[in-house]
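Subject: Handover of a structural model

Dear colleague,

Please find below the structure that I am handing over to you. My findings follow directly after it.

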Amino acid sequence: MNLEKLREVVEQDIGIDKTELGDESARIPQLHNKYLNLFHDERLILQKMSSSYKLLRKNKWEWMTGKMSQEQLAALNWEPFQTRIMRQDLQLYMDADPHLNEAESKLALQQEKVEYLESILKGINQRHWVIRNAIEWRKFTQGVV
């Protein structure tokens, strides 16, 4: 699920029907379960992406330093790196690599999704306080003590 779609789903789920506070209170465990499952799924994707990024980074380092074997080059369908790079310039080349930049961008987006879901879960955990306060306010405005 992309971040935009996730935001749309959250927007639909997170609202509180002020006329049915009891039903909203009863809905908290279902919402928590839904977003906890999404959080775990997205966090697992993040971990896999992080591992893939680290492997890609290592492969790019080996490729740029000339340490990659012909078998590895063939398996990755890469041509040998033709430029000789000084050790102090290697980071510059790694930072400018389009494949690494694309993978890093995807990793950052996935991290944002995980952090967003984590904040949604925190909000759901506080939802009972919001409902309780709404009930207390209703009692106060109706003169019930």
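A contact here means that heavy atoms lie within 4.5 Å. Among the contacts in the protein between residues at least 6 apart in sequence, 72% join residues at least 24 apart. Please bear in mind throughout that this is a predicted model.

Overall architecture

The protein contains six helices and zero strands, and from the N terminus on its elements run α-α-α-α-α-α. The radius of gyration is 25 Å, well over the 15 Å that the globule rule gives for 145 residues, so the protein is more spread out than a compact globule. The C-alpha trace spans about 80 × 30 × 20 Å along its principal axes.

Of the 145 residues, 26% are buried. The accessible surface amounts to about 10400 Å², and carbon and sulfur atoms account for 54% of that surface. As for charge, the protein carries 21 positive and 22 negative charges, and the mean positions of the two sets are 4 Å apart.

Lysine 60 and aspartate 97

Is lysine 60 buried or exposed? Lysine 60, which is placed in helix α2 (residues 21-65), has a relative accessible area of 2% and is therefore buried, since the cut-off for a buried residue is under 20%. Its side chain makes a polar contact with the side chain of histidine 99, at 2.9 Å. Setting aside neighbours within four places in sequence, lysine 60 is in contact with Trp78, Met94, Asp97, His99 and Leu100.

One of those partners, aspartate 97, sits in the loop between α4 and α5 (98-125). Aspartate 97 has 6% relative accessibility and so counts as buried. Which backbone atom does the side chain of aspartate 97 reach? The side chain of aspartate 97 reaches the backbone nitrogen of histidine 99, at 3.1 Å. Histidine 99 is thus a point shared by these two residues: the side chain of lysine 60 makes a polar contact with the histidine 99 side chain, while the side chain of aspartate 97 reaches the histidine 99 backbone nitrogen. Not counting residues up to four places away in sequence, aspartate 97 touches Lys60, Trp63 and Met64.

Tryptophan 61

Tryptophan 61 is likewise placed in helix α2. With a relative accessible area of 32%, tryptophan 61 is partly exposed. Beyond residues up to four places away in sequence, tryptophan 61 touches Lys67, Leu90 and Met94. Met94 is also listed among the contacts of lysine 60. Tryptophan 61 and serine 50 are 11 residues apart in sequence, and their C-alpha atoms are 16 Å apart in space.

The loop between α3 and α4

Two residues deserve mention in this loop. Glutamate 79 lies in the loop between α3 (70-76) and α4 (90-96), and its relative accessibility of 62% means that glutamate 79 counts as exposed. Which residues does glutamate 79 contact, leaving aside its neighbours within four places in sequence? The contacts of glutamate 79 are with Trp63 and Leu73. Glutamate 79 and tryptophan 63 are 16 residues apart in sequence and 9.0 Å apart in space, C-alpha to C-alpha. Trp63 is also touched by aspartate 97.

Asparagine 77 is found in the loop between α3 and α4 as well. Asparagine 77 is exposed, its relative accessible area being 68%. Its phi is near 60°, a positive value in a residue other than glycine. Most residues other than glycine have a negative phi. You may therefore wish to look at the backbone of asparagine 77, because its phi is positive.

Glutamine 30

Glutamine 30 lies in helix α2. At 53% relative accessibility, glutamine 30 counts as exposed, whereas lysine 60, placed in helix α2, is buried. From C-alpha to C-alpha, glutamine 30 and lysine 5 are 20 Å apart in space, and they are 25 residues apart in sequence.

Yours sincerely

Conventions
Residues are numbered from 1 along each chain as its sequence is written. This is a predicted model: local features need pLDDT of at least 70, side-chain atom pairs count only at pLDDT 80 or more; totals for chains, interfaces and linings use all residues. Side-chain values use heavy atoms; hydrogens and water are left out. Helices (H or I, at least four residues) and strands (E, at least two) are DSSP runs, numbered from the N terminus. Buried means under 20% relative accessible area, exposed over 50%, partly exposed in between (1.4 Å probe, protein chains only). A polar contact is a pair of N or O atoms within 3.5 Å; within protein, one must be able to donate a hydrogen and the other to accept it, and residues adjacent in sequence count only if both atoms are side-chain atoms. The radius of gyration is taken over C-alpha atoms; the globule rule is 2.2 Å times the number of residues to the power 0.38. Accessible areas come from the Shrake-Rupley method with a 1.4 Å probe; for residues, only the protein chains shown count as cover. Lys and Arg count as positive and Asp and Glu as negative; His and the chain ends are not counted. The place of a charge is taken as NZ of Lys, CZ of Arg, CG of Asp or CD of Glu.
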